[in-house]
Amino acid sequence: WTKSKKKVQEMKFVPSVIEPSFGIGRILYSLLEHSFYQRDADEKRVVMRFNPQVAPYKAAVLPLSSSKEMYSVVDQIAAKLMQQDLSTRVD
């Protein structure tokens with residue numbers, strides 16, 4: 001074994017453009033991936049279970065039939081939900 005000194009020169013490079021590795025696509029993909037839920041008893045069914053803070057609608061009011069009497073009941077239910085500051089969608 002011999003002891004010696006060696007001079008090392010270094011070239012540093014600083015990029016002028018920095019591209020971050022995150023964007024809206026990655027954020028949405030992460031949200032969808034973490035919301036995916038599969039029930040233990042039923043492997044054929046899957047559910048998107050969103051966190052209530054990011055869910056666009058908290059409730060959906062769906063009529064059971066397309067009769068005009070049903071639509072008035074649906075509108076009443078939706079109005080009561082909206083009075084309670086619950087974001088609601090009527091289909």
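These exercises with worked solutions cover contacts, exposure and spacing in a predicted model.

The model is predicted: local features need pLDDT of at least 70, side-chain atom pairs count only at pLDDT 80 or more, and totals for chains, interfaces and linings use all residues. Residues are numbered from 1 along each chain as its sequence is written, and side-chain values use heavy atoms, with hydrogens and water left out.

**Exercise 1. The salt bridge**

Find which residue forms a salt bridge with aspartate 42, and classify the exposure of both partners.

Solution.
- Start with the rule. A salt bridge is a side-chain nitrogen of Lys or Arg within 4 Å of a carboxyl oxygen of Asp or Glu.
- Recall the background. Side chains of opposite charge can pair when their charged atoms come close.
- Count. The structure holds 1 salt bridge.
- Name the partner. Aspartate 42 pairs with arginine 45, and their closest N and O atoms are 3.8 Å apart.
- Set the exposure scale. Buried means under 20% relative accessible area, exposed means over 50%, and partly exposed lies in between (1.4 Å probe, protein chains only).
- Apply the scale. Aspartate 42 is partly exposed because its relative accessible area is 28%. Arginine 45 is exposed because its value is 51%.

**Exercise 2. Rings and charge**

State how many aromatic pairs the model has, and which ring lies under the charged end of arginine 49.

Solution.
- Set the pair rule. Rings of Phe, Tyr and Trp (its six-membered ring) pair if their centres lie within 6.5 Å; planes under 30 degrees apart count as stacked, over 60 as edge-to-face and the rest as tilted.
- Count. The rule gives 0 aromatic pairs.
- Set the charge rule. A charge sits over a ring if NZ of Lys or CZ of Arg is within 6 Å of the ring centre and within 35 degrees of the ring normal.
- Find the ring. The charged end of arginine 49 sits over tyrosine 37, 3.9 Å from the ring centre.

**Exercise 3. The nonpolar patch**

List the residues of the nonpolar surface patch, then place methionine 48.

Solution.
- Set the patch rule. Patches are made of residues with over 30% relative accessible area and no salt bridge; like charges are joined within 9 Å, and nonpolar side chains (Val, Leu, Ile, Met, Phe, Trp, Tyr) within 5 Å.
- Note the method. Accessible areas come from the Shrake-Rupley method with a 1.4 Å probe; for residues, only the protein chains shown count as cover.
- List. Leu32, Phe36, Val46, Met48, Phe50 and Val54 make a patch of about 520 Å².
- Place methionine 48. Helices (H or I, at least four residues) and strands (E, at least two) are DSSP runs, numbered from the N terminus. Methionine 48 lies in strand E2, residues 46-48.
- Classify. Methionine 48 is partly exposed because its relative accessible area is 38%.

**Exercise 4. Side chain to backbone**

Find which backbone oxygens the side chains of serine 35 and threonine 88 reach. Are these two residues buried or exposed?

Solution.
- Set the rule. A polar contact is a pair of N or O atoms within 3.5 Å; within protein, one must be able to donate a hydrogen and the other to accept it, and residues adjacent in sequence count only if both atoms are side-chain atoms.
- Take serine 35, in helix H1 (residues 24-35). A polar atom of the serine 35 side chain lies 2.8 Å from the backbone oxygen of leucine 31. Serine 35 counts as buried because its relative accessibility is 4%.
- Take threonine 88, in strand E4 (residues 88-90). The side chain of threonine 88 reaches the backbone oxygen of leucine 86 at 2.8 Å. Threonine 88 counts as buried because its relative accessibility is 11%.

**Exercise 5. An unusual phi**

Describe the phi, place and exposure of aspartate 85, and its separation from glutamate 43.

Solution.
- Recall the background. Most residues other than glycine have a negative phi.
- Read the angle. Aspartate 85 is not a glycine, yet has a positive phi of about 60°.
- Place aspartate 85. The loop between helix H2 (68-83) and E4 holds aspartate 85.
- Classify. Aspartate 85 is exposed because its relative accessible area is 74%.
- Turn to glutamate 43, in the loop between strand E1 (36-38) and E2. Glutamate 43 is exposed because its value is 63%.
- Give the spacing. Glutamate 43 and aspartate 85 are 42 residues apart along the chain, and their C-alpha atoms are separated by 35 Å.
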